[in-house]
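User: Please take a close look at one part of this model, the packing of a pair of helices, and then set that part in its surroundings. I would like a connected account rather than a list.

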Amino acid sequence: MGRQLNISVKNKEAGYGISDNLYGIFFEDINFAGDGGLNANMVNNYSFDGVYFSNEELKAVSDPLRYWEIRQGTIESGKEAPLHENSAYARVSSEGNAVLSNLGFNGQKAHKDACAMSVKKGAVYLFEAWARPADYEGVLAVQVTDADGNTLAGPAEMELSKTGAWQRLSCRLEGICSAYGKLELVIKGTGSLDLDCVSLMDADYWNAGDPKWRYGKMRKDFVQALADLKPSFMRFPGGCIVEGQLPGNEYNWKDTVGELYERKSNYNLWSEKIDDGGYNQSYQIGFYEYFCLCEDLGMKPLPTLSVGLNCQIRSMQRGEAVCPNIPTDSEEFRTKIIAGYLDLIEFANGAPEDGKWAALRAEMGHPQPFGLERIGVGNENYDEVYFERFRLIEQAVHEKYPDMICILCGGVHPFYDDVMNTPGLDTVYRFAKNFKHVIVDEHSYHTPQWFEEQEKRFDSYDRSGAQVYFGEYAANGLLGALEEAMHSPQAGMEGMDGSGDGGMRPMNESNQFDTALGEAAFLTGIERNGDVVAMASYAPLFNMVDCDQWNHNLINFNPKTLCLSVNYYVQKMFGANIGNRYLPFAGDLPEHMYCSVTEDEKYIYLKLVNISGQEAQIFVQLPYAAAGAEMEVLQSDALNTRNGLTFYSDAEYALTPQKEKLDVRDGDSLELAVQPYGVYVAKIEVR
């Protein structure tokens with residue numbers, strides 16, 4: 001059985017405390033992860049407020065009727081007496097039988113003309129809309145049909161009152177068969193009807209019936225996949241969308257709260273990956289919903305806000321004339337940027353009588369505070385132009401909220417400093433010493449080999465300095481090609497952001513098992529250094545297949561289902577099996593084999609990652625008597641193994657963890673048979 005190895009785990013006296021928030025999740029609305037993904041509403045441009053991006057003109061484009069089609073009638077955008085000043089609506093005119101249809105979210109690329117609303121036989125779907133008869137008399141019928149006109153769900157009819165006022169309509173549709181379809185609204189009558197905030201979703205959405213979820217709704221399967229990771233925190237809403245493409249595109253949390261019809265749409269930064277810029281942020285899932293999700297899953301919230309700088313990489317390429325910064329001595333910086341931080345903390349933590357933002361949270365259904373402890377100050381920002389802003393924001397935050405922890409950007413990526421001509425991490429950590437409550441956010445997208453080599457990355461970090469948040473990472477690169485792309489003057493965004501061909505793996509080779517092994521080796525180093533590494537989160541989180549925005553993602557999805565990557569299972573195995581103390585061990589491991597041991601009051605968690613290609617018999621001596629043990633194993637001799645999903649298919653799982661019982665020898669020792677290329681997590685109950 002290969003080489004025999006002995007490991008002796010030391011006791012509590014030799015151990016040390018580590019972060020109790022080590023593993024979390026990072027959510028960004030990239031790859032249609034928000035609208036089209038986590039957002040349960042399947043209607044694209046649901047409120048007729050769509051704002052998109054012109055790649056040719058580099059500017060926002062309002063297109064309120066995009067993704068809607070009309071037959072036997074006419075449609076126009078209306079703005080007179082809307083539901084809210086932020087909200088336009090659609091006026092549909094019929095001469096007897098007009099049909100308004102919406103395909104849903106199909107990724108706007110390979111399937112841009114395809115129906116994308118998933119209907120399952122026997123499932124119940126909730127339809128809602130605001131309507132106002134102008135001079136219309138008749139009924140509104142709702143159904144879902146496939147591309148050939150066959151009915152998949154419904155139809156259901158709703159009578160309209162003739163008051164001439166906005167009225168909320170709702171009905172339920174039952175799935176007749178399982179297929180992808182499109183929503184059809186049939187206006188059976190003559191006249192004009194105004195419509196707004198149209199939604200269709202599976203009625204079994206996350207926490208259906210809970211009054212705090214009265215606004216945006218989330219897909220239940222998405223949330224359950226996150227819950228299974230046992231995350232201790234969630235960073236939101238990004239990511240590059242925090243910074244925005246151009247002035248006016250930076251993420252403004254105040255546009256995302258209140259009634260859905262009050263929320264102000266904006267184009268998504270990742271519109272740049274779509275030819276027609278067709279990626280809108282409706283904000284049906286906004287900051288209130290993010291906080292509620294954190295509460296439901298027991299995660300600490302980590303919101304991140306703009307510092308008044310658009311994405312610095314993009315700005316560098318486009319020039320200051322196109323991307324001017326908000327001056328720090330301006331009224332705009334004080335009232336928009338600094339006030340944005342202070343108002344958000346009030347929204348999250350304030351008593352309803354503290355001010356209008358805390359009062360709004362209470363009105364939305366959550367009178368109790370959310371318990372915000374940390375806030376992100378910018379995303380991947382760097383240089384003195386950022387440091388100046390951080391100083392001003394940090395000072396304002398800590399004058400009012402002295403215990404709030406601010407997250408300081410570590411730059412773009414630690415290995416890009418020479419290419420980007422940005423300050424190195426040494427400069428960032430020296431700057432961090434000026435502040436009491438600061439954590440430095442490092443990001444890294446690189447090869448599996450790089451991650452394995454970086455297993456000892458944090459061993460020499462200064463324990464008296466700032467802690468680390470490894471906020472974005474994934475082993476998504478090809479050996480050699482990434483380094484070449486990084487040092488190429490022509491690399492541009494394609495080489496720097498991990499989303500193009502600049503050394504990145506193509507989509508059909510992403511999330512292979514070798515990448516999961518490299519990440520697992522790195523995570524053993526994260527755990528060993530859990531006293532200086534406060535948090536870590538993989539990115540990106542979700543990806544709609546065939547939308548081709550980012551090549552490496554934790555969870556792929558199509559309109560009907562999810563596919564959990566092998567990398568997801570590594571995250572789950574590590575995140576669900578972590579103690580609050582690290583226990584050193586004695587014993588020599590061979591090259592390319594890695595180990596970490598943690599404990600809590602009930603269990604010892606032993607993790608082994610074998611990238612050596614050699615099998616081994618490992619004898620583990622425990623510091624305490626054990627009552628029992630079990631082990632999860634993720635192993636394959638084929639390093640290119642990956643779990644697969646297409647736009648229309650069910651998930652195909654080539655590799656998932658397997659569980660097995662372990663025998664405890666003499667009450668305090670274990671014998672592990674370790675195969676080549678595997679991740680092994682033993683959970684040992686102590687007496």
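Analyst: This is a predicted model, and the part to begin with is the pair formed by helix α5 (residues 331-349) and helix α6 (residues 356-363), whose axes lie 7 Å apart and meet at an angle of about 40 degrees. Angles under 35 degrees would count as roughly parallel, and α5 and α6 are therefore oblique to each other. The handedness of this crossing is right-handed. On the α5 side the contact is made by D343, E346, F347, A348 and N349, and these meet K356, W357, A358, L360 and R361 of α6. Sorted by class, the residues of this contact comprise five nonpolar, four charged and one polar.

Helix α5 also has a place against strands, for it lies across β17 (300-305) and β18 (374-377), and its direction is at about 160 degrees to that of β18. Both of these strands belong to a barrel of eight, closed in the order β3-β14-β17-β18-β19-β20-β21-β22 with parallel pairing. Within this sheet, neighbouring strands are turned against each other by 25 degrees on average, with direction ignored. One of the pairings in the barrel is that of strand β3 (residues 23-26) with strand β22 (residues 533-538), which run parallel and share three bridges; here G24 stands opposite S537 of β22. Another helix, α13 (residues 513-528), lies across β3, β21 (467-475) and β22, and runs at about 170 degrees to β21.

Following the chain beyond β22 leads to some backbone details. The peptide bond between A539 and P540 is cis, with omega at about -10 degrees, and P540 sits in the loop between β22 and β23 (542-544). In the loop between β23 and β24 (555-557) is D548, which is not a glycine and yet has a positive phi of about 55 degrees. With a relative accessible area of 40%, D548 is partly exposed. A further cis peptide bond joins G154 and P155, with omega at about 0 degrees, and in this case the proline, P155, is placed in strand β11 (residues 151-159).

Helix α14 (residues 566-575) has nine of its ten residues buried, so it is largely enclosed by the rest of the structure. Among the buried residues of α14 are the aromatic residues Y568, Y569 and F574, together with V566, N567 and Q571.

Strand β35 (residues 678-686) is likewise mostly covered, with seven of its nine residues buried. It is paired with two strands: β29 (residues 603-610) runs antiparallel to β35 over eight bridges, while strand β31 (residues 626-635), also antiparallel to β35, is joined to it by nine bridges. A682 of β35 is the bridge partner of L606, and A682 is the bridge partner of M631 as well. Y677 lies in the loop between β34 (669-674) and β35, and this residue, although not a glycine, has a positive phi of about 55 degrees. The relative accessibility of Y677 is 22%, and since residues count as buried under 20%, Y677 counts as partly exposed.

How values were computed:
Residues numbered from 1 in each chain as written. Predicted model: local features only at pLDDT ≥ 70, side-chain atom pairs only at ≥ 80, totals over all residues. Heavy atoms only, no water. Buried < 20%, exposed > 50% of the residue type's maximum accessible area, 1.4 Å probe, protein only. Helix = DSSP H or I, 4+ residues; strand = E, 2+ residues; numbered from the N terminus. Pairing = 2+ DSSP bridges. Axes fitted to C-alpha atoms, helices over the stretch in contact; angles between N-to-C directions. Parallel < 35°, antiparallel > 145°, perpendicular 65-115°, else oblique. Left-handed = near helix turned anticlockwise from the far one by under 90°. Contact = heavy atoms within 4.5 Å. Nonpolar A, V, L, I, M, F, W, Y, C, P; charged D, E, K, R; others polar.
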